[in-house]
Amino acid sequence: MAEDFERLSEIRAEDVADLCLGSVFLATGGGGDPYVNKLLTEAALRTHGPVAMVSPGSLADGAWVLPLGEVGAPTVSLEQLPVGDEPLTALTRYEAATGRTVSHLIPFEVGGANSVLPLVAAAARGLPVVDGDGMGRALPEAQMMTFAIAGVAPTPAVAVDYLGNGVTFDTASVDDYERQVRHLAMAMGGMIFTAEHGMSGAQARDCVVPDTLSFAVALGRLLRSRRGEARALLTELQALFAPSIYGVVRHLYTGKVVDIDRRISGGFDVGEATVAPVQGVGEPLTVAIRNEYLLARSGGRVLASVPDLIIVVDSETCAPINSERLGYGQRVTVIGVGCPPHYRTDAALRVVAPRCFGFDHDYVPLEDLAAG
Amino acid sequence: MSLRIGIDVGGTHTDAVLVDGSEVRVAIKARTTADIESGVIDALQQLLAAGDFATADVRAVMIGTTQFTNAVVERRELTPSAIVRIALPTGRMVPPKIDWPEDLAQALGDHVFMLHGGRLYDGRELAPARDAEADAVIEAIAARELDCVAVASVFAPVDAEPERAFAARLQQRLPGVRIVLSSTFGRIGLLERENAALLNAALLPFAERVVDGFERALAARGLLCPLYISQNDGTLMDTAFARRFPALTFASGPTNSLRGAGLLTGERNAVVVDIGGTTSDIGVLRDGFPRESNLGVAVGGVRTSFRMPDILTLGIGGGSHVTVDGSGVGPRSVGHRLLEAGRAFGGDTLTATDLAIAAGHLDIGDRRRVSDLAATTVRRGLAVIHGRIDEAIDRMRSSSDPVTVILVGGGTALLSEPLTCAGAIHRPEHAAVANAIGAAHAEVGAEAECMAPVAEREAVLADLKRQASQRVVAAGALEDRIRITDVDETAVSYMAVPTVRLRVKAVGPLDLEAMAHG
């Protein structure tokens with residue numbers, strides 16, 4: 001029986017690098033490059049001390065949990081830096097707009113930059129974070145969060161842009177909210193910060209994907225300490241994932257990136273990567289991208305699809321590669337991981353199945369698909 | 001005959017080889033001198049004395065140098081330089097040099113400036129430029145008498161106009177100042193591009209001295225053939241270009257030594273450990289080529305945007321300082337002063353080379369001068385060196401299986417005991433001059449680039465690959481060995497039709513037969 005990972009009671013500055021590395025893996029290509037946010041978060045935790053972390057199950061009914069993060073096209077995060085105070089500004093504006101006192105912060109998604117942004121505000125305000133998130137991975141749109149699927153209202157929500165402009169949203173549905181917030185991101189440089197889907201402790205206990213921050217730290221630690229060939233690391237990854245909410249880990253393909261066609265469209269990074277055998281001939285693999293890696297196909301067969309996780313790693317080091325960092329000539333291994341059970345319900349599949357992204361494919365769980 | 005001279009100017013030694021086709025005719029080692037130039041003159045003199053050839057028959061001299069990398073790693077020969085980032089209000093809490101090692105940041109001086117302006121991803125203005133703010137920065141640069149300035153604006157790969165506008169303003173007020181624009185280093189990634197531009201700026205005066213010295217050295221020995229400098233991807237640049245872009249030589253040393261190690265052993269898959277005077281560089285040969293890093297590579301602790309071989313650099317070399325009890329080795333090094341400063345050579349600095357001499361692994365200098373060293377000091381120091389290199393090999397190999405290791409460079413005597421990670425260990429003939437051999441077998445590269453509507457992307461990309469390949473053949477490469485090494489794509493804004501800028505680089509080995517007849 002594989003050993004379970006450790007649940008942390010706080011996040012220290014020394015944990016941030018592992019948290020970021022593990023998060024990039026779970027982000028399935030999206031979530032944004034964490035490098036700059038890692039620097040900001042480490043600085044905040046060094047200044048203010050560690051941030052306490054509580055398990056979602058321990059939340060009191062009357063707690064008020066606020067998800068915080070950035071919304072936009074990940075490519076932008078490589079080039080356009082944050083001002084640095086956006087997470088705290090978003091929190092302050094949310095409290096001013098709603099009159100509520102926030103007791104806990106939580107990431108939208110355990111993905112790239114977004115895993116750590118709540119820590120910046122939490123450290124500055126001395127608030128705890130919840131060990132979990134609203135996706136257990138990264139996904140591009142607001143209605144795909146487990147918070148929204150469970151019926152938590154997205155608004156009142158606030159957004160802050162790089163100029164410090166603030167916008168308050170009050171929408172009838174999460175679909176309207178997603179459309180509005182996306183257009184605001186496009187209009188204001190491709191990246192904004194939002195505080196949204198505020199919820200009570202009782203609601204959070206029901207819909208938070210639990211323990212994912214602790215899991216990301218454990219995963220980051222494994223990837224850092226066992227830097228080495230992706231295929232050789234597969235057994236250890238399987239042992240770490242098996243007792244978690246994810247379960248199955250499967251090797252899908254190993255090859256070289258021969259084409260990457262990607263652009264910013266409608267506020268997302270959209271495109272397709274083609275991976276072909278390093279030597280000789282063989283069916284190439286294509287990975288469809290909409291911020292995240294969504295569908296892996298080879299020879300007319302689907303090898304894995306959203307909401308299961310598709311991860312592209314450096315073949316030699318097993319370092320996960322974000323979609324905006326994927327480049328011609330890289331030797332990569334593509335890995336599939338089962339999604340948290342939260343995404344396998346009918347209600348969830350109505351918003352996260354492959355057809356929601358325009359693919360002509362019905363979701364089949366990774367473990368039921370024929371292996372690559 | 002197709003005679004070429006390959007020279008490697010390292011921190012400690014200046015090596016030179018005379019090659020004819022793929023055959024090494026003569027190999028010599030000279031010492032790197034403080035002025036660099038006289039070391040190259042000495043190396044050429046030794047080569048001329050040892051080889052039976054006429055200078056008029058030499059077709060080209062190729063120089064690889066770690067001087068610029070070493071300058072950054074050792075924080076020396078760096079000119080205090082300004083960095084002007086045009087991105088405010090973004091990045092206020094993430095200023096330039098935020099993640100630099102303290103000592104390197106200080107070596108360039110506290111000359112960080114941030115201005116409003118730059119672009120958004122869609123080409124729109126991020127914030128209006130403020131002339132008064134720009135002029136205040138220019139006056140500060142003037143008052144501080146700074147000669148080198150790097151300029152980086154957000155989304156410069158999409159539109160470099162904000163960088164050019166500031167540069168023009170600066171040039172008008174201070175005509176003599178050297179300006180490096182981040183947009184000349186391509187790629188999306190502001191922090192990495194800004195770092196590359198700033199390091200390049202700080203190296204410019206040193207680059208001018210070094211390249212001038214190379215040219216004088218060749219002239220002094222009657223060599224009138226073209227002189228080329230190795231770049232980080234193993235291709236060559238001419239001297240005018242090298243004066244402006246010294247940072248493009250970063251990692252050219254490891255690239256040359258990896259390729260040299262492959263040429264000397266015929267191994268196509270191995271870990272190569274190049275032990276020099278100041279550092280050890282550990283890299284990987286995969287299918288005969290240096291394994292590239294997928295991420296921006298750190299130079300002296302700073303992330304940059306260069307495409308480079310995946311190299312782990314340890315501050316351990318023949319000239320590394322060793323503490324009295326042997327427990328500390330490097331990263332400070334006596335460098336080119338090894339043969340004066342080392343204990344075995346009459347100096348008073350205990351170096352890694354002294355340990356190898358005391359242990360009887362190396363027979364140079366005067367062993368009696370190190371006979372007073374405690375046996376525990378020698379043992380501990382060598383164990384530290386073996387342990388750290390073994391650990392580095394373990395981090396670089398791609399599986400836990402024992403790996404073939406090729407030892408090259410001038411300091412291979414530091415490693416005389418078994419390594420737990422290694423299967424076969426090669427110590428090839430001419431190992432000490434592997435870099436110079438790699439330099440002499442440098443490849444040629446060429447780029448092709450254009451803007452294309454997104455709809456025509458596939459066809460244009462295929463055409464660019466063809467064009468770049470043809471240019472490499474025209475530059476003297478073998479047609480059937482050309483490979484595409486890089487494709488870079490940037491979405492271009494402010495166009496009516498969605499448009500991308502595509503850039504393709506092709507590289508190939510020189511056709512030595514054609515050179516002989518050409």
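Three exercises on the contact between two domains of a predicted model follow.

The model is predicted, so local features need pLDDT of at least 70 and side-chain atom pairs pLDDT 80 or more, while totals for chains, interfaces and linings use all residues. Residues are numbered from 1 along each chain, chains are lettered from A, and side-chain values use heavy atoms, without hydrogens and water.

**Exercise 1.** State how chain A is divided and how far apart the C-alpha centres of the domains lie.

*Solution.* Step 1: domain 1 covers 10–210 and domain 2 covers 227–368 of chain A, with bounds from an automatic or database domain assignment. Step 2: their C-alpha centres are 24 Å apart. Step 3: contact (heavy atoms within 4.5 Å) involves 41 residues of domain 1 and 35 residues of domain 2.

**Exercise 2.** Find the area buried between the domains of chain A and the three residues of domain 1 that supply most.

*Solution.* Step 1: buried area is the accessible area (1.4 Å probe) that two parts lose on being put together, summed over both. Step 2: the domains bury about 3,000 Å², and carbon and sulfur atoms give 66% of this. Step 3: A:Phe25, A:Thr28 and A:Arg137 supply 22% of the area that domain 1 buries against domain 2, more than any other three residues.

**Exercise 3.** Count the salt bridges between the domains of chain A, and give the N to O distance for A:Arg290 and A:Glu141.

*Solution.* Step 1: a salt bridge needs a side-chain nitrogen of Lys or Arg within 4 Å of a carboxyl oxygen of Asp or Glu. Step 2: the count between the domains is one. Step 3: the side chains of A:Arg290 and A:Glu141 form a salt bridge at 3.1 Å, N to O.
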